[in-house]
Amino acid sequence: MSTADDNTPATGANPIHDLRKFVEDRDWAQFHSPENLAKSISIEAAELLECFQWSSDFDTERVQGELADVLTYCHLLADRLGLDANQIVLDKLAVTRSKYPVAKAYGRSDKYDEL
């Protein structure tokens, strides 16, 4: 059993380090299979969507909390799979840039194969 202080502040320098410590201190890694983390992303994304369910007016603080939950589970899943979350976003952005060149996609919402 860990004796970590629950009030240990996050360093902010490396969120995944802080997330790993948080999970380790609670012995929660046993529950963090890729399947469970993917389910949690979907559940938290639904809670984020619920913030906008009946109106475009929203509570910024509530949205921030739900978005943080989604991002937390995304970071945990990437880490569990041995992936660097920042790098996979940059890699995907490079692919998306090639699919949506500015000259063709500027101001348009068409899918890449319809540009």
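No disulfides are present in this predicted model. Two cysteines may be considered individually with respect to solvent. Cysteine 51 has a relative accessibility of 8% and is therefore classed as buried. Cysteine 74, with a relative accessibility of 33%, is classed as partly exposed.

The secondary structure consists of five helices and zero strands, and the order along the sequence is α-α-α-α-α. Of the 115 residues in the protein, 17% are buried. The largest nonpolar core comprises seven residues, namely Ile16, Leu19, Val23, Leu37, Ile41, Leu76 and Leu77. Helices α1, α2 and α3 are the elements that contribute two or more residues to this core, and the largest share, three residues, is supplied by α1.

Electrostatic contacts between side chains were examined next. Five salt bridges are counted in the structure. One of them joins aspartate 79 to arginine 20, with an N to O distance of 2.5 Å. This pair connects distant parts of the chain, since aspartate 79 belongs to helix α3 and arginine 20 to helix α1, with their positions 59 residues apart in sequence. Both partners retain some contact with the surroundings: aspartate 79 is partly exposed, its relative accessible area being 26%, and arginine 20 is likewise partly exposed, at 43%.A salt bridge also forms between lysine 39 and glutamate 35, at an N to O distance of 3.2 Å. These two residues are four positions apart in helix α2, which spans residues 34-50, so about one helical turn separates lysine 39 from glutamate 35. Their accessibilities fall into two classes. Lysine 39 is partly exposed at 43% relative accessibility, whereas glutamate 35, at 52%, counts as exposed.

Another salt bridge pairs arginine 62 with glutamate 50, and the closest N and O atoms are 3.5 Å apart. Arginine 62 is located in helix α3 and glutamate 50 in helix α2, so this contact ties together parts of the chain that are twelve residues apart in sequence. Arginine 62 has a relative accessible area of 38% and is partly exposed. Glutamate 50 is also assigned to the partly exposed class, with a relative accessibility of 42%.

Attention was then given to the open space at the protein surface. The second largest pocket has a volume of about 180 Å³. Its lining is formed by Asn14, Pro15, Ile16, Arg20, His75, Ala78, Asp79, Leu83, Asp84, Ala85 and Asn86. At least two lining residues are supplied by each of α1 (15-26), α3 (60-80) and α4 (85-99). In terms of residue class, the lining contains five nonpolar, three polar and three charged residues. Several of these residues recur in the features described above. Arg20 and Asp79 are among the lining residues, and the side chains of this pair meet in the salt bridge at 2.5 Å. Ile16 is likewise part of the lining, and Ile16 is also a member of the largest nonpolar core.

Local backbone geometry and spacing were examined at selected positions. Aspartate 27 is situated in the loop between α1 and α2. The phi angle of aspartate 27 is near 55°, a positive value in a residue other than glycine.

Alanine 68 is part of helix α3. With a relative accessible area of 36%, alanine 68 is classed as partly exposed. The C-alpha atom of alanine 68 is 9.5 Å from that of leucine 48, and the two residues are 20 residues apart in sequence.

Beyond the last of the numbered elements considered here, glutamate 114 is found in the segment after α5 (102-105). Glutamate 114 has a relative accessible area of 54% and is therefore exposed, the threshold for this class being over 50%. Glutamate 114 and lysine 104 are ten residues apart along the chain, and 9.9 Å separates their C-alpha atoms.

Note on methods: Residues are numbered from 1 along each chain as its sequence is written. This is a predicted model: local features need pLDDT of at least 70, side-chain atom pairs count only at pLDDT 80 or more; totals for chains, interfaces and linings use all residues. Side-chain values use heavy atoms; hydrogens and water are left out. On a 1 Å grid over the protein atoms alone, a cavity is a set of points where a 1.4 Å probe fits but cannot get out, and a pocket is an open set with protein on both sides within 12 Å along at least five of seven lines; lining residues have an atom within 4 Å of a point. Grid points are joined across faces, edges and corners, and a volume is the space filled by probe spheres set on the points. Ala, Val, Leu, Ile, Met, Phe, Trp, Tyr, Cys and Pro count as nonpolar, Asp, Glu, Lys and Arg as charged, and the others, Gly among them, as polar. A disulfide is a pair of cysteine sulfur atoms within 2.5 Å. Buried means under 20% relative accessible area, exposed over 50%, partly exposed in between (1.4 Å probe, protein chains only). A salt bridge is a side-chain nitrogen of Lys or Arg within 4 Å of a carboxyl oxygen of Asp or Glu. A nonpolar core is a set of buried Ala, Val, Leu, Ile, Met, Phe, Trp, Tyr and Cys residues joined through side-chain atoms within 4.5 Å.
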